[in-house]
Each structure stands twice: as structure tokens, then as C-alpha cells.
Amino acid sequence: MSVRVVVDSSASLPAEVVQRLDIEVLGLHRLADDKAESTSGLGTLELVVAYARQLERGGDDGVVALHVAKQLSSTHQSAVAAAAVFDGAVDVVDTGTVGMAVGAAAMAAATRAQAGGSLAECAAAARETLHGSATWVYLPTVDSIRKSGRLSPGTALLSAALLAVKPILRIADGRFELAGKTRTATKAMARLVELVRSAAGGSPALVAIQHAHAATQAEHLRGVLSEQLPDGSTVLVTEMPAELIVHAGVGAVGVSLVRGEHHCG
């Protein structure tokens, strides 16, 4: 038996990784009507059921729960309420981010669990990975994210000016910050390369590229980063889950990086 790791589908984990590391993935809810599509966070009751099932599978060794940032979804709040039922057996990590930065933290926790780590050790591995991570997202248009309400007030004030450009946003402490403005997708990809190289700081890194039906751009980005990052780096490409495409829009490309000693690839 071992500590179990639970994420929601926003973590963007490839199926092969989920299977290899035996990570439990809970799907966020997609809502649609005649006018629009949106998403809904996981509820307390369904998380209680999910955590109880994982505790049973792991012999009550504990659960590390990693969910989308609390600033972006109600899931974290529900997770904290659900964890309270289990008297310390479920550690809910405040991720402050979304996408494969959360996925990489889950990978680190699950790897430690498979090595026999305790709940505290597995949760610490996740938190250390998150501390050494950075995430950006290129948006061909801000329409979807503006309509979803995921832009912070400060960024929302910029949204009118952003309508004519293709912005790159950085996720920091659960909020989107403007990291760059470009006029073309080609220039946006070049800017992403610059941001990733600078954040890597000359050390090997895990870089995960997540795309919303933009495989050609994602594969080009992988090729460039594979050539320019230090030896020992890992660059992978995965499709952005539908629950994130609702907010980012078709054509979006997200990039998550885990630096140096936190590299779990």
C-alpha cells in the first residue's frame, strides 16, 4: 500500500503518465446551453467519495490532492471541506496554478509514493515542484477567457487593448498577468521560447506544452525548445483538456516549466 495522488482533469496529464504513476484523475464538469459553454468545479460530496475510495486503495496511508488554483475554481474550497472529514489523512495542496505545473507536482508526489514515501514527504515533493515551476499561456484571442471571468480586475482593464493583439499571460498565485503582447502567432512562439529559456536559467528542466487544437505550433515549439534547452531537459506535448479550452479558446498554447532540482522528468 502507498500514498495516493488525486488531481482534477485541468492538470493535463498524459494518459501514459497517469497509468504509469497510478494517479487518480477526476473530471471537472462541463456545462453547455444554447448560448455558451462553461465549466463547474467539483463538489464537496463527490470529493469525499473520491478521497475515501483512494484511502481504501492505499491502505489509509493518505492522499495528496492537487487541484486547479483556488482563484480559478471552487474545487479547492470543496477539497478543503472534503479533506476535513478524514482527520489529516488528506493533504490538499494549494497549487496556485493550472495545467501541467499541477501535473508535474502530481508526478513528483506519485513518484515519491511509489518509493515508499509518507504522506508528508509526498506532499512536500509536490509543493517543492510547484515552487520551482512557471506557466504561461498564449491566446490567439482574449474573447473566451474574458467571457469566462478568469481575468483579474487589473488584467481585465487591459482586455480592450488586448483585443487587437495575441497576448501571452503568466499564471502567478492563481491569477493571470500579462507577460507579452505579439501581433502574430510566430512571434508569440518566439517569445515563449525566450520566456522558457530565461526561466530555466541554464539548468535542465521539464517543459510541458499543452495545446488547444494547435498541434503544429506545439510540435514546432517542442523542436525549438529541445534544441535550445540544456542537456537533460525533457520537453513533452499534450492536448489541453476540454475543460481548459472552454476558457482559453481554440488555438491556445500553454507552457509549464519545472526548473533544475525540481525537475521530475
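Me: Before we look at this predicted model, what has to be found between two strands for them to pair?

Reply: Two strands pair if DSSP finds at least two bridges between them. With that in mind, strand β7, which covers residues 133-138, and strand β12, which covers residues 253-259, do pair, and their sense is antiparallel. In this pair tyrosine 138 has valine 253 of β12 as its bridge partner, and the bridges over which β7 and β12 pair number six.

Me: Which strands stand at the edges of the sheet that contains β7 and β12?

Reply: That sheet is open, has six strands with mixed pairing, and follows the order β9-β8-β7-β12-β10-β11. A strand at the edge has a single partner strand, so one side of it is left without a neighbour in the sheet. From one strand to the next the twist averages 20°. The strands at the edges are β9 (175-182) and β11 (234-239).

Me: How many helices and how many strands does the protein chain have?

Reply: The protein chain has 265 residues, of which 55% count as buried. Its exposed surface comes to about 11,600 Å², with carbon and sulfur atoms supplying 50% of that area. The secondary structure comes to 11 helices and 12 strands.

Me: What is the order of the strands in the open sheet of four strands?

Reply: Strand β1 pairs in the parallel sense with β5 (residues 63-66) over four bridges, and three bridges join β1 to β2 (residues 24-26), again running parallel. The edge strands are β2 and β6, each of which pairs on one side only. Putting these pairings together, the order is β2-β1-β5-β6.

Me: Which residue of β5 stands opposite valine 6?

Reply: Along β1, valine 5 stands opposite valine 64 in β5, while valine 7 has valine 25 in β2 as its bridge partner. Valine 6, for its part, stands opposite a residue of β5, and that residue is alanine 65.

Me: Are the residues of β1 buried or exposed?

Reply: The side chains of this strand can be sorted by direction, since Arg4, Val6 and Asp8 point one way from β1, whereas Val5 and Val7 point the other way. The strand is mostly covered, with five of its five residues below the cut-off of 20% relative accessible area. Whichever way they point, these residues are all buried.

Me: Why does histidine 76 count as buried?

Reply: Histidine 76 is found in helix α3, which spans residues 75-83. Leaving aside neighbours within four places in sequence, histidine 76 is in contact with Val68, Lys70, Val92, Val93 and Asp94. A residue is called buried when its relative accessible area is under 20%, and histidine 76 counts as buried because its relative accessibility is 9%.

Me: What is the relative accessible area of serine 12, and what is that of aspartate 87?

Reply: Most residues other than glycine have a negative phi, yet serine 12 has a positive phi of about 65° and aspartate 87 a positive phi of about 50°. Serine 12 has its place in the loop between β1 (4-8) and α1 (15-21), and aspartate 87 lies in the loop between α3 and β6 (90-93). Serine 12 is buried, whereas aspartate 87 is exposed. The relative accessible area is 4% for serine 12 and 73% for aspartate 87.

Me: At roughly what angle do the axes of α9 and α10 cross?

Reply: Helix α9 (residues 185-200) and helix α10 (residues 215-228) have axes that come within 10 Å, and α9 passes α10 in a right-handed crossing. The residues of this contact divide into eight nonpolar, two polar and one charged, and among them are Leu192 and Val196 in α9 and Leu221 and Val224 in α10. The angle at which the axes cross is roughly 35°.

Me: What distance separates the C-alpha atoms of glutamine 114 and serine 2?

Reply: Glutamine 114 lies in helix α4, which covers residues 100-114, and, not counting residues up to four places away in sequence, glutamine 114 touches Arg20, Leu21 and Asp22. Serine 2 is 112 residues apart from glutamine 114 along the chain. Even so, the separation of their C-alpha atoms is 6.8 Å.

How values were computed
Residues are numbered from 1 along each chain as its sequence is written. This is a predicted model: local features need pLDDT of at least 70, side-chain atom pairs count only at pLDDT 80 or more; totals for chains, interfaces and linings use all residues. Side-chain values use heavy atoms; hydrogens and water are left out. Helices (H or I, at least four residues) and strands (E, at least two) are DSSP runs, numbered from the N terminus. Buried means under 20% relative accessible area, exposed over 50%, partly exposed in between (1.4 Å probe, protein chains only). Accessible areas come from the Shrake-Rupley method with a 1.4 Å probe; for residues, only the protein chains shown count as cover. Contact means heavy atoms within 4.5 Å. Axes are lines fitted to C-alpha atoms, for helices over the stretch in contact, and angles run from 0 to 180 degrees between N-to-C directions. A crossing is left-handed if the near helix is turned anticlockwise from the far one by less than a right angle, and right-handed if clockwise. Ala, Val, Leu, Ile, Met, Phe, Trp, Tyr, Cys and Pro count as nonpolar, Asp, Glu, Lys and Arg as charged, and the others, Gly among them, as polar.
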